[in-house]
Amino acid sequence: MPQKLYIETVGCQMNVLDSELVVGSLRRQGFELTHEAEAADVILFNTCSVRQHAEDKIYSSLGRLRGHKKRHPDKIIGVLGCMAQKDQELIRRRAPHVDIICGTGQLARLPQLIDDAKATGKLQLALSLDRTESRHDVERSFESYDPMRDPSMRPTPFQAFVRVMIGCDKFCTYCIVPSVRGPEQSRHPEHIAREVAQLAGEGCKEITLLGQTVNSYKYDLGDGRRFRLSDLLTRIHDTSGIERIKFITNFPKDMTDDLLEAVRDLPKVCPYLHVPAQSGCNDVLRSMKRLYTVEFYKDMLARSREIVPDVAISSDFIVGFSGETEESFEKTCDLVRESAFKNSFIFKYSPRPGTKGHDLFADDVPEETKKRRNNDLLAIQTAVSLQDHLRFIGRRVEVLVEGLSKFGERTSHSGPRQLTGRTRTDHIAVFDGNPRLIGQTFEVEVTEASPFTLFGTVVSGEQVGLDNLGETWDKQRIALPLLAH
Ligand code: 5AD
Ligand code: SF4
(Lines give C-alpha, C1' and ligand atoms only; values in the text may rest on other atoms or scores of the structure.)
(Ligands and ions follow the chains in the order given, each with its own letter.)
Protein backbone atom coordinates (compact mmCIF):
# COMPACT_ATOMS: atom_id res chain seq x y z
CA MET A 1 0.00 0.00 0.00
CA PRO A 2 1.42 3.40 -0.94
CA GLN A 3 2.06 5.81 1.91
CA LYS A 4 -0.41 8.70 2.02
CA LEU A 5 0.64 12.34 2.14
CA TYR A 6 -1.37 15.38 3.21
CA ILE A 7 -0.06 18.93 2.80
CA GLU A 8 -1.56 22.25 3.86
CA THR A 9 -0.10 25.44 2.46
CA VAL A 10 -0.33 28.97 3.83
CA GLY A 11 1.21 32.10 2.37
CA CYS A 12 2.66 33.41 -0.86
CA GLN A 13 3.24 31.97 -4.35
CA MET A 14 6.74 30.91 -3.27
CA ASN A 15 5.12 28.57 -0.73
CA VAL A 16 2.65 27.28 -3.31
CA LEU A 17 5.62 26.41 -5.53
CA ASP A 18 7.57 24.81 -2.66
CA SER A 19 4.54 22.63 -1.82
CA GLU A 20 4.15 21.58 -5.45
CA LEU A 21 7.82 20.57 -5.53
CA VAL A 22 7.69 18.75 -2.17
CA VAL A 23 4.63 16.77 -3.29
CA GLY A 24 6.31 15.99 -6.63
CA SER A 25 9.46 14.66 -5.00
CA LEU A 26 7.57 12.61 -2.40
CA ARG A 27 5.38 11.12 -5.13
CA ARG A 28 8.53 9.92 -6.84
CA GLN A 29 9.32 8.14 -3.54
CA GLY A 30 5.96 6.35 -3.77
CA PHE A 31 3.68 8.66 -1.77
CA GLU A 32 0.08 9.26 -2.81
CA LEU A 33 -1.69 12.56 -2.09
CA THR A 34 -4.79 12.63 0.13
CA HIS A 35 -7.03 15.58 1.01
CA GLU A 36 -7.80 14.29 4.52
CA ALA A 37 -5.20 14.91 7.19
CA GLU A 38 -6.40 12.05 9.35
CA ALA A 39 -6.09 9.53 6.49
CA ALA A 40 -2.45 10.44 5.89
CA ASP A 41 0.73 8.73 7.07
CA VAL A 42 2.66 11.99 6.67
CA ILE A 43 1.00 15.34 7.45
CA LEU A 44 2.89 18.45 6.37
CA PHE A 45 2.24 22.14 6.99
CA ASN A 46 4.04 24.58 4.72
CA THR A 47 3.95 27.75 6.76
CA CYS A 48 4.13 31.54 6.51
CA SER A 49 5.42 34.09 9.04
CA VAL A 50 4.58 37.33 7.28
CA ARG A 51 1.69 38.09 9.65
CA GLN A 52 0.67 36.69 13.06
CA HIS A 53 -2.66 35.49 11.67
CA ALA A 54 -0.92 33.00 9.33
CA GLU A 55 1.02 31.54 12.27
CA ASP A 56 -2.09 31.28 14.47
CA LYS A 57 -3.83 29.20 11.80
CA ILE A 58 -0.99 26.67 11.80
CA TYR A 59 -0.85 26.41 15.60
CA SER A 60 -4.57 25.70 15.72
CA SER A 61 -4.29 23.04 12.97
CA LEU A 62 -1.38 21.48 14.88
CA GLY A 63 -3.42 21.61 18.11
CA ARG A 64 -6.25 19.69 16.45
CA LEU A 65 -3.84 16.87 15.60
CA ARG A 66 -2.52 16.37 19.13
CA GLY A 67 -5.03 13.62 20.04
CA HIS A 68 -4.66 12.03 16.60
CA LYS A 69 -0.89 11.72 17.03
CA LYS A 70 -1.40 10.18 20.52
CA ARG A 71 -3.69 7.53 19.04
CA HIS A 72 -1.38 6.97 16.02
CA PRO A 73 2.20 7.56 17.18
CA ASP A 74 3.54 6.17 13.89
CA LYS A 75 2.07 9.06 11.86
CA ILE A 76 4.58 11.80 10.98
CA ILE A 77 3.77 15.48 11.38
CA GLY A 78 6.08 18.04 9.77
CA VAL A 79 6.27 21.84 9.91
CA LEU A 80 8.01 23.29 6.84
CA GLY A 81 8.89 26.74 5.60
CA CYS A 82 9.11 30.18 7.18
CA MET A 83 7.70 29.41 10.65
CA ALA A 84 9.93 26.36 10.93
CA GLN A 85 13.01 28.46 10.15
CA LYS A 86 11.97 31.19 12.58
CA ASP A 87 10.47 29.43 15.60
CA GLN A 88 11.79 25.94 16.26
CA GLU A 89 11.76 26.47 20.06
CA LEU A 90 8.19 27.76 20.07
CA ILE A 91 6.96 24.91 17.84
CA ARG A 92 8.60 22.35 20.14
CA ARG A 93 6.92 23.96 23.14
CA ARG A 94 3.47 24.54 21.65
CA ALA A 95 3.31 21.38 19.53
CA PRO A 96 5.59 18.73 21.07
CA HIS A 97 3.92 16.09 18.89
CA VAL A 98 5.64 17.50 15.76
CA ASP A 99 8.24 15.12 14.24
CA ILE A 100 9.94 17.34 11.66
CA ILE A 101 10.85 21.03 11.60
CA CYS A 102 12.33 21.94 8.20
CA GLY A 103 13.20 25.49 7.06
CA THR A 104 12.75 27.01 3.60
CA GLY A 105 16.39 26.43 2.65
CA GLN A 106 16.43 22.73 3.58
CA LEU A 107 13.46 21.23 1.74
CA ALA A 108 15.68 18.94 -0.35
CA ARG A 109 16.32 16.93 2.83
CA LEU A 110 12.65 16.18 3.46
CA PRO A 111 12.49 12.57 2.15
CA GLN A 112 15.43 11.64 4.39
CA LEU A 113 13.94 13.50 7.36
CA ILE A 114 10.71 11.52 6.99
CA ASP A 115 12.64 8.23 6.93
CA ASP A 116 14.72 9.25 9.96
CA ALA A 117 11.66 10.40 11.93
CA LYS A 118 10.00 7.04 11.26
CA ALA A 119 13.08 5.03 12.12
CA THR A 120 14.02 6.87 15.33
CA GLY A 121 10.76 8.34 16.61
CA LYS A 122 12.81 11.47 17.39
CA LEU A 123 12.35 15.08 16.33
CA GLN A 124 14.21 15.87 13.07
CA LEU A 125 15.50 19.42 12.66
CA ALA A 126 16.72 20.90 9.37
CA LEU A 127 17.34 24.61 9.62
CA SER A 128 19.53 27.15 7.85
CA LEU A 129 21.88 29.50 9.71
CA ASP A 130 20.51 32.77 11.02
CA ARG A 131 21.71 35.98 9.44
CA THR A 132 24.13 36.87 12.24
CA GLU A 133 26.67 34.38 10.76
CA SER A 134 28.96 35.24 7.83
CA ARG A 135 27.17 36.00 4.55
CA HIS A 136 28.98 33.19 2.75
CA ASP A 137 27.98 30.55 5.32
CA VAL A 138 24.38 31.78 5.53
CA GLU A 139 24.07 31.77 1.73
CA ARG A 140 25.30 28.20 1.58
CA SER A 141 22.85 27.11 4.27
CA PHE A 142 19.87 28.41 2.23
CA GLU A 143 19.61 26.19 -0.84
CA SER A 144 17.24 27.01 -3.70
CA TYR A 145 14.92 24.01 -3.87
CA ASP A 146 14.41 23.19 -7.54
CA PRO A 147 14.01 19.45 -8.07
CA MET A 148 12.37 17.88 -11.12
CA ARG A 149 8.90 19.20 -11.91
CA ASP A 150 5.86 16.92 -11.95
CA PRO A 151 3.14 18.16 -14.35
CA SER A 152 0.30 16.43 -12.53
CA MET A 153 1.16 18.27 -9.32
CA ARG A 154 0.32 21.73 -10.59
CA PRO A 155 -3.11 23.19 -9.90
CA THR A 156 -3.32 23.61 -13.72
CA PRO A 157 -0.98 21.88 -16.17
CA PHE A 158 -0.82 24.87 -18.54
CA GLN A 159 0.48 27.35 -15.92
CA ALA A 160 3.56 27.17 -13.72
CA PHE A 161 5.62 29.19 -11.28
CA VAL A 162 9.36 29.22 -11.83
CA ARG A 163 11.72 30.42 -9.11
CA VAL A 164 14.38 32.80 -10.35
CA MET A 165 15.81 33.76 -6.99
CA ILE A 166 15.50 33.06 -3.28
CA GLY A 167 15.76 35.35 -0.27
CA CYS A 168 15.77 39.12 0.13
CA ASP A 169 18.38 41.70 1.11
CA LYS A 170 16.16 44.73 1.53
CA PHE A 171 15.34 44.36 5.25
CA CYS A 172 12.21 46.54 5.27
CA THR A 173 11.68 47.08 9.00
CA TYR A 174 8.27 45.34 9.16
CA CYS A 175 9.28 42.25 7.19
CA ILE A 176 10.42 38.85 8.43
CA VAL A 177 11.24 37.50 4.95
CA PRO A 178 14.99 38.35 4.92
CA SER A 179 15.53 36.29 8.08
CA VAL A 180 13.33 33.30 7.18
CA ARG A 181 14.23 33.06 3.49
CA GLY A 182 17.85 34.16 3.81
CA PRO A 183 20.10 36.28 1.60
CA GLU A 184 19.09 37.19 -1.95
CA GLN A 185 20.54 34.60 -4.36
CA SER A 186 19.70 34.42 -8.06
CA ARG A 187 19.61 31.12 -9.96
CA HIS A 188 21.80 30.52 -12.99
CA PRO A 189 19.94 31.74 -16.12
CA GLU A 190 20.60 28.49 -17.98
CA HIS A 191 19.04 26.44 -15.15
CA ILE A 192 15.97 28.63 -15.33
CA ALA A 193 15.86 28.41 -19.14
CA ARG A 194 16.11 24.61 -18.95
CA GLU A 195 13.24 24.44 -16.48
CA VAL A 196 11.08 26.70 -18.66
CA ALA A 197 11.81 24.51 -21.71
CA GLN A 198 10.87 21.38 -19.76
CA LEU A 199 7.62 22.98 -18.59
CA ALA A 200 6.80 24.07 -22.15
CA GLY A 201 7.42 20.50 -23.31
CA GLU A 202 4.82 19.32 -20.79
CA GLY A 203 2.17 21.64 -22.21
CA CYS A 204 2.76 24.72 -20.06
CA LYS A 205 1.74 27.97 -21.76
CA GLU A 206 2.07 30.53 -19.01
CA ILE A 207 5.14 30.96 -16.83
CA THR A 208 5.25 33.22 -13.79
CA LEU A 209 8.79 33.98 -12.62
CA LEU A 210 9.00 34.25 -8.84
CA GLY A 211 11.26 36.25 -6.59
CA GLN A 212 10.66 38.24 -3.40
CA THR A 213 12.11 41.21 -5.31
CA VAL A 214 12.13 39.61 -8.75
CA ASN A 215 13.35 42.72 -10.54
CA SER A 216 16.52 42.69 -8.41
CA TYR A 217 17.49 39.45 -10.23
CA LYS A 218 21.15 39.51 -11.16
CA TYR A 219 23.55 36.74 -12.05
CA ASP A 220 27.27 37.30 -12.60
CA LEU A 221 28.32 35.09 -15.48
CA GLY A 222 31.94 35.19 -14.34
CA ASP A 223 33.33 36.91 -17.47
CA GLY A 224 32.38 40.38 -16.29
CA ARG A 225 28.88 40.10 -17.74
CA ARG A 226 25.89 40.49 -15.45
CA PHE A 227 22.55 38.96 -16.40
CA ARG A 228 19.57 41.10 -15.32
CA LEU A 229 15.85 40.25 -15.31
CA SER A 230 15.51 41.92 -18.74
CA ASP A 231 18.25 39.59 -20.07
CA LEU A 232 16.52 36.57 -18.53
CA LEU A 233 13.19 37.52 -20.13
CA THR A 234 14.95 37.80 -23.50
CA ARG A 235 16.70 34.46 -22.94
CA ILE A 236 13.48 32.49 -22.24
CA HIS A 237 11.19 34.45 -24.54
CA ASP A 238 11.50 32.25 -27.61
CA THR A 239 10.81 28.98 -25.79
CA SER A 240 8.37 27.29 -28.11
CA GLY A 241 4.97 26.57 -26.57
CA ILE A 242 5.21 29.39 -24.02
CA GLU A 243 2.60 32.07 -24.76
CA ARG A 244 2.78 34.26 -21.68
CA ILE A 245 5.50 35.27 -19.25
CA LYS A 246 4.71 37.13 -16.02
CA PHE A 247 6.96 38.00 -13.09
CA ILE A 248 6.22 38.89 -9.45
CA THR A 249 6.96 40.75 -7.10
CA ASN A 250 8.80 43.95 -7.97
CA PHE A 251 10.70 46.38 -5.75
CA PRO A 252 9.98 50.00 -6.83
CA LYS A 253 13.62 51.10 -6.67
CA ASP A 254 14.71 48.33 -9.06
CA MET A 255 12.16 49.06 -11.80
CA THR A 256 14.78 50.04 -14.36
CA ASP A 257 14.19 51.17 -17.95
CA ASP A 258 15.85 48.09 -19.46
CA LEU A 259 13.22 45.95 -17.73
CA LEU A 260 10.32 48.16 -18.81
CA GLU A 261 11.65 48.15 -22.37
CA ALA A 262 11.83 44.34 -22.29
CA VAL A 263 8.17 44.24 -21.18
CA ARG A 264 7.30 46.57 -24.06
CA ASP A 265 9.35 44.81 -26.72
CA LEU A 266 8.91 41.11 -25.92
CA PRO A 267 5.41 40.14 -27.05
CA LYS A 268 5.04 37.15 -24.71
CA VAL A 269 5.89 39.22 -21.63
CA CYS A 270 2.60 40.40 -20.16
CA PRO A 271 2.07 44.13 -19.52
CA TYR A 272 1.34 43.59 -15.85
CA LEU A 273 3.47 44.85 -12.95
CA HIS A 274 2.94 44.20 -9.26
CA VAL A 275 4.97 46.92 -7.51
CA PRO A 276 4.08 47.31 -3.82
CA ALA A 277 4.16 50.91 -2.55
CA GLN A 278 3.33 49.99 1.12
CA SER A 279 2.59 53.61 2.10
CA GLY A 280 1.95 57.03 0.56
CA CYS A 281 3.70 58.95 3.33
CA ASN A 282 7.43 59.70 3.27
CA ASP A 283 7.80 59.58 7.06
CA VAL A 284 6.28 56.09 7.14
CA LEU A 285 8.31 54.94 4.12
CA ARG A 286 11.45 56.13 5.90
CA SER A 287 10.65 54.23 9.09
CA MET A 288 9.77 51.19 6.96
CA LYS A 289 13.23 51.63 5.33
CA ARG A 290 11.72 51.27 1.87
CA LEU A 291 14.59 53.27 0.28
CA TYR A 292 12.34 55.50 -1.87
CA THR A 293 10.01 58.48 -1.49
CA VAL A 294 6.42 58.87 -2.66
CA GLU A 295 7.73 61.22 -5.37
CA PHE A 296 10.09 58.51 -6.63
CA TYR A 297 7.27 55.96 -6.61
CA LYS A 298 4.97 58.25 -8.60
CA ASP A 299 7.74 58.93 -11.13
CA MET A 300 8.28 55.18 -11.42
CA LEU A 301 4.55 54.73 -12.17
CA ALA A 302 4.64 57.47 -14.80
CA ARG A 303 7.80 56.04 -16.38
CA SER A 304 6.27 52.54 -16.48
CA ARG A 305 3.12 53.85 -18.17
CA GLU A 306 5.10 55.93 -20.62
CA ILE A 307 7.37 53.06 -21.68
CA VAL A 308 4.77 50.25 -21.61
CA PRO A 309 1.49 51.39 -23.18
CA ASP A 310 -1.63 50.05 -21.40
CA VAL A 311 0.38 48.44 -18.61
CA ALA A 312 -1.68 47.30 -15.60
CA ILE A 313 -0.14 47.99 -12.20
CA SER A 314 -1.10 46.59 -8.81
CA SER A 315 0.23 47.34 -5.35
CA ASP A 316 0.39 46.29 -1.68
CA PHE A 317 -0.21 48.57 1.30
CA ILE A 318 0.28 48.15 5.03
CA VAL A 319 -2.00 50.26 7.25
CA GLY A 320 -1.33 51.04 10.91
CA PHE A 321 2.46 50.76 10.81
CA SER A 322 4.22 52.23 13.88
CA GLY A 323 3.92 56.00 13.87
CA GLU A 324 1.29 56.14 11.09
CA THR A 325 -0.79 59.22 11.98
CA GLU A 326 -4.20 60.12 10.53
CA GLU A 327 -2.34 62.57 8.31
CA SER A 328 0.09 59.89 7.05
CA PHE A 329 -2.84 57.58 6.34
CA GLU A 330 -4.58 60.35 4.36
CA LYS A 331 -1.46 60.59 2.17
CA THR A 332 -1.75 56.86 1.45
CA CYS A 333 -5.41 57.38 0.52
CA ASP A 334 -4.35 60.17 -1.86
CA LEU A 335 -1.76 57.92 -3.52
CA VAL A 336 -4.38 55.20 -4.08
CA ARG A 337 -6.90 57.75 -5.45
CA GLU A 338 -4.32 59.06 -7.93
CA SER A 339 -2.51 55.91 -9.06
CA ALA A 340 -5.11 53.99 -11.08
CA PHE A 341 -3.96 50.63 -9.70
CA LYS A 342 -5.73 47.61 -11.15
CA ASN A 343 -6.01 46.36 -7.57
CA SER A 344 -4.20 46.60 -4.24
CA PHE A 345 -3.67 44.09 -1.46
CA ILE A 346 -4.15 45.85 1.86
CA PHE A 347 -2.83 44.49 5.16
CA LYS A 348 -3.04 45.59 8.80
CA TYR A 349 0.43 45.92 10.30
CA SER A 350 1.40 42.84 12.27
CA PRO A 351 4.59 43.32 14.32
CA ARG A 352 7.04 40.45 13.74
CA PRO A 353 9.51 39.67 16.56
CA GLY A 354 13.02 39.71 15.15
CA THR A 355 12.37 42.63 12.79
CA LYS A 356 13.53 46.20 13.48
CA GLY A 357 9.94 47.39 13.34
CA HIS A 358 9.03 45.14 16.25
CA ASP A 359 12.20 45.53 18.26
CA LEU A 360 12.67 49.31 17.95
CA PHE A 361 9.22 50.85 17.39
CA ALA A 362 6.00 50.65 19.40
CA ASP A 363 2.93 49.06 17.76
CA ASP A 364 1.12 52.32 18.54
CA VAL A 365 -1.88 52.25 16.19
CA PRO A 366 -4.86 50.61 17.97
CA GLU A 367 -6.42 47.54 16.31
CA GLU A 368 -9.73 49.39 15.81
CA THR A 369 -7.92 52.15 13.91
CA LYS A 370 -6.05 49.60 11.77
CA LYS A 371 -9.38 47.97 10.90
CA ARG A 372 -11.00 51.26 9.98
CA ARG A 373 -8.04 52.36 7.84
CA ASN A 374 -8.02 48.96 6.14
CA ASN A 375 -11.73 49.28 5.27
CA ASP A 376 -11.41 52.91 4.17
CA LEU A 377 -8.43 52.23 1.91
CA LEU A 378 -10.14 49.16 0.47
CA ALA A 379 -13.23 51.24 -0.35
CA ILE A 380 -11.07 53.80 -2.19
CA GLN A 381 -9.21 51.09 -4.12
CA THR A 382 -12.51 49.37 -5.01
CA ALA A 383 -13.78 52.58 -6.62
CA VAL A 384 -10.47 52.96 -8.49
CA SER A 385 -10.62 49.29 -9.61
CA LEU A 386 -14.14 49.78 -10.94
CA GLN A 387 -12.99 52.71 -13.10
CA ASP A 388 -10.06 50.60 -14.31
CA HIS A 389 -12.35 47.67 -15.21
CA LEU A 390 -15.06 49.83 -16.86
CA ARG A 391 -12.50 51.00 -19.46
CA PHE A 392 -12.65 47.54 -21.00
CA ILE A 393 -16.35 47.50 -21.86
CA GLY A 394 -16.72 47.12 -25.63
CA ARG A 395 -13.09 46.03 -26.02
CA ARG A 396 -11.73 42.60 -26.91
CA VAL A 397 -9.24 41.00 -24.53
CA GLU A 398 -7.14 37.86 -24.85
CA VAL A 399 -8.02 35.37 -22.11
CA LEU A 400 -6.22 32.20 -21.03
CA VAL A 401 -9.10 30.06 -19.77
CA GLU A 402 -8.18 28.76 -16.31
CA GLY A 403 -11.24 26.77 -15.22
CA LEU A 404 -14.85 26.87 -14.14
CA SER A 405 -15.87 29.99 -12.26
CA LYS A 406 -17.28 29.58 -8.72
CA PHE A 407 -20.74 29.76 -10.27
CA GLY A 408 -19.76 27.33 -13.05
CA GLU A 409 -18.56 24.83 -10.42
CA ARG A 410 -22.03 24.75 -8.88
CA THR A 411 -23.69 23.76 -12.17
CA SER A 412 -23.37 20.29 -13.63
CA HIS A 413 -25.18 20.22 -16.99
CA SER A 414 -23.33 19.39 -20.20
CA GLY A 415 -22.88 22.23 -22.66
CA PRO A 416 -21.69 25.76 -21.88
CA ARG A 417 -20.79 26.56 -18.28
CA GLN A 418 -19.45 29.72 -16.68
CA LEU A 419 -15.67 29.81 -17.14
CA THR A 420 -12.98 32.07 -15.76
CA GLY A 421 -9.56 33.14 -16.95
CA ARG A 422 -7.12 36.03 -16.96
CA THR A 423 -6.19 38.61 -19.52
CA ARG A 424 -2.59 39.50 -20.35
CA THR A 425 -2.96 42.41 -17.93
CA ASP A 426 -3.98 39.97 -15.15
CA HIS A 427 -7.62 41.06 -15.14
CA ILE A 428 -10.08 38.29 -14.22
CA ALA A 429 -12.60 37.58 -17.00
CA VAL A 430 -15.80 35.50 -16.67
CA PHE A 431 -17.83 34.20 -19.64
CA ASP A 432 -19.88 31.20 -20.78
CA GLY A 433 -18.22 28.46 -22.79
CA ASN A 434 -17.59 24.77 -23.21
CA PRO A 435 -15.30 23.42 -20.45
CA ARG A 436 -13.16 22.03 -23.29
CA LEU A 437 -11.85 25.59 -23.71
CA ILE A 438 -9.98 25.29 -20.39
CA GLY A 439 -6.25 25.65 -21.00
CA GLN A 440 -6.67 27.58 -24.24
CA THR A 441 -6.40 31.23 -25.18
CA PHE A 442 -9.43 33.05 -26.62
CA GLU A 443 -10.60 36.51 -27.49
CA VAL A 444 -13.39 37.69 -25.21
CA GLU A 445 -15.52 40.74 -25.88
CA VAL A 446 -16.17 42.59 -22.62
CA THR A 447 -19.82 43.54 -22.07
CA GLU A 448 -19.92 44.38 -18.34
CA ALA A 449 -17.49 45.07 -15.51
CA SER A 450 -17.38 45.05 -11.71
CA PRO A 451 -14.44 46.21 -9.53
CA PHE A 452 -12.90 42.73 -9.63
CA THR A 453 -14.18 41.08 -12.83
CA LEU A 454 -14.73 41.62 -16.53
CA PHE A 455 -17.81 39.84 -17.94
CA GLY A 456 -18.03 39.02 -21.62
CA THR A 457 -18.59 36.58 -24.45
CA VAL A 458 -16.11 34.45 -26.35
CA VAL A 459 -15.59 35.74 -29.86
CA SER A 460 -16.31 32.52 -31.75
CA GLY A 461 -13.73 30.95 -34.03
CA GLU A 462 -11.00 33.27 -32.89
CA GLN A 463 -8.89 31.09 -30.69
CA VAL A 464 -5.55 32.74 -30.15
CA GLY A 465 -3.41 29.77 -29.07
CA LEU A 466 -3.97 26.69 -31.21
CA ASP A 467 -2.41 24.05 -28.98
CA ASN A 468 -4.74 21.31 -27.87
CA LEU A 469 -4.11 19.71 -24.53
CA GLY A 470 -5.92 16.52 -25.49
CA GLU A 471 -7.02 15.75 -21.99
CA THR A 472 -9.18 18.25 -20.18
CA TRP A 473 -7.76 20.04 -17.20
CA ASP A 474 -10.56 18.81 -14.94
CA LYS A 475 -9.28 15.26 -14.99
CA GLN A 476 -5.74 16.21 -14.07
CA ARG A 477 -6.56 18.78 -11.47
CA ILE A 478 -5.36 18.34 -7.93
CA ALA A 479 -6.33 20.71 -5.19
CA LEU A 480 -3.61 21.72 -2.77
CA PRO A 481 -5.54 23.29 0.10
CA LEU A 482 -4.29 26.82 -0.42
CA LEU A 483 -4.82 29.76 1.85
CA ALA A 484 -3.52 32.82 0.09
CA HIS A 485 -2.47 35.66 2.37
N1 5AD B 1 2.47 43.15 8.61
C2 5AD B 1 1.53 43.33 7.65
N3 5AD B 1 1.77 43.15 6.34
C4 5AD B 1 3.02 42.76 5.98
N5 5AD B 1 3.56 42.51 4.78
C6 5AD B 1 4.84 42.13 4.96
N7 5AD B 1 5.15 42.14 6.27
C8 5AD B 1 4.03 42.54 6.94
C9 5AD B 1 3.72 42.75 8.30
N10 5AD B 1 4.63 42.58 9.26
C11 5AD B 1 2.82 42.68 3.53
C12 5AD B 1 3.52 43.65 2.57
C13 5AD B 1 4.06 42.73 1.51
C14 5AD B 1 3.01 41.63 1.50
C15 5AD B 1 3.43 40.34 0.89
O16 5AD B 1 2.74 41.42 2.87
O17 5AD B 1 2.54 44.51 2.02
O18 5AD B 1 4.17 43.35 0.25
FE1 SF4 C 1 10.02 41.91 2.79
FE2 SF4 C 1 10.85 44.30 1.87
FE3 SF4 C 1 12.08 42.03 1.06
FE4 SF4 C 1 9.60 42.54 0.21
S5 SF4 C 1 11.44 43.79 -0.21
S6 SF4 C 1 10.35 40.56 1.02
S7 SF4 C 1 8.69 43.56 1.98
S8 SF4 C 1 12.06 42.87 3.16
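Helices and strands here are DSSP runs, numbered from the N terminus; a helix is H or I over at least four residues, a strand E over at least two. I am working on a predicted model.

**Entry: backbone oddities**

I looked up T249 against those elements. T249 sits in the loop between β13 (244-248) and α11. The peptide bond joining I248 and T249 is cis, with omega about 0°. I noted this bond because most peptide bonds are trans.

Next I checked K289. Its phi is positive, about 55°, and K289 is not a glycine. I placed K289 in the loop between α12 (282-288) and α13. Most residues other than glycine have a negative phi, so I flagged this value too.

**Entry: α11 against α13**

Both loops led me to helices, so I looked up how those two pack, given that two packed helices are described by the angle between their axes and the distance between the axes. Helix α11 covers residues 257-265 and helix α13 covers residues 294-307. Their axes come within 9 Å and cross at roughly 35°. The crossing is right-handed. On the α11 side I listed D257, L260, E261 and R264 as the contact residues. On the α13 side I listed R303, S304 and I307. By class, I count four charged residues in this contact, two nonpolar and one polar.

**Entry: ligand 1**

Which residues are closest to ligand 1? I found R51, Y174, Q278, D316 and S350, out of 12 that surround the ligand. I then went through polar atom pairs. A side-chain N or O atom of D316 is 2.6 Å from an oxygen atom of ligand 1. R51 puts a polar side-chain atom 3.0 Å from an oxygen atom of the ligand. V50 uses its backbone instead: an N or O atom there lies 3.5 Å from a nitrogen atom of ligand 1.

How much of the accessible area of ligand 1 does the protein cover? I read 89% of the 410 Å² that the ligand has on its own. Two or more residues of the shell come from each of β15 (312-319) and β16 (344-348). The shell divides into five nonpolar, four charged and three polar residues.

**Entry: ligand 2**

I listed the surroundings of ligand 2 as well. Among them are the cysteines C168, C172 and C175. K170, F171, Y174, V177 and P178 also belong to this shell. Further along the sequence I noted Q212, T213, F251 and R290. By class, the shell has eight nonpolar residues, two polar and two charged. Y174 turned up in both ligand entries: it is one of the closest to ligand 1, and it is also among the residues around ligand 2.

Notes: Residues are numbered from 1 along each chain as its sequence is written. Chains are lettered from A and ligands numbered from 1 in the order in which they are written. This is a predicted model: local features need pLDDT of at least 70, side-chain atom pairs count only at pLDDT 80 or more; totals for chains, interfaces and linings use all residues. Side-chain values use heavy atoms; hydrogens and water are left out. Axes are lines fitted to C-alpha atoms, for helices over the stretch in contact, and angles run from 0 to 180 degrees between N-to-C directions. A crossing is left-handed if the near helix is turned anticlockwise from the far one by less than a right angle, and right-handed if clockwise. Contact means heavy atoms within 4.5 Å. Ala, Val, Leu, Ile, Met, Phe, Trp, Tyr, Cys and Pro count as nonpolar, Asp, Glu, Lys and Arg as charged, and the others, Gly among them, as polar. A residue is near a molecule or strand if one of its heavy atoms lies within 4 Å of it. A polar contact is a pair of N or O atoms within 3.5 Å; within protein, one must be able to donate a hydrogen and the other to accept it, and residues adjacent in sequence count only if both atoms are side-chain atoms. Accessible areas come from the Shrake-Rupley method with a 1.4 Å probe; for residues, only the protein chains shown count as cover.
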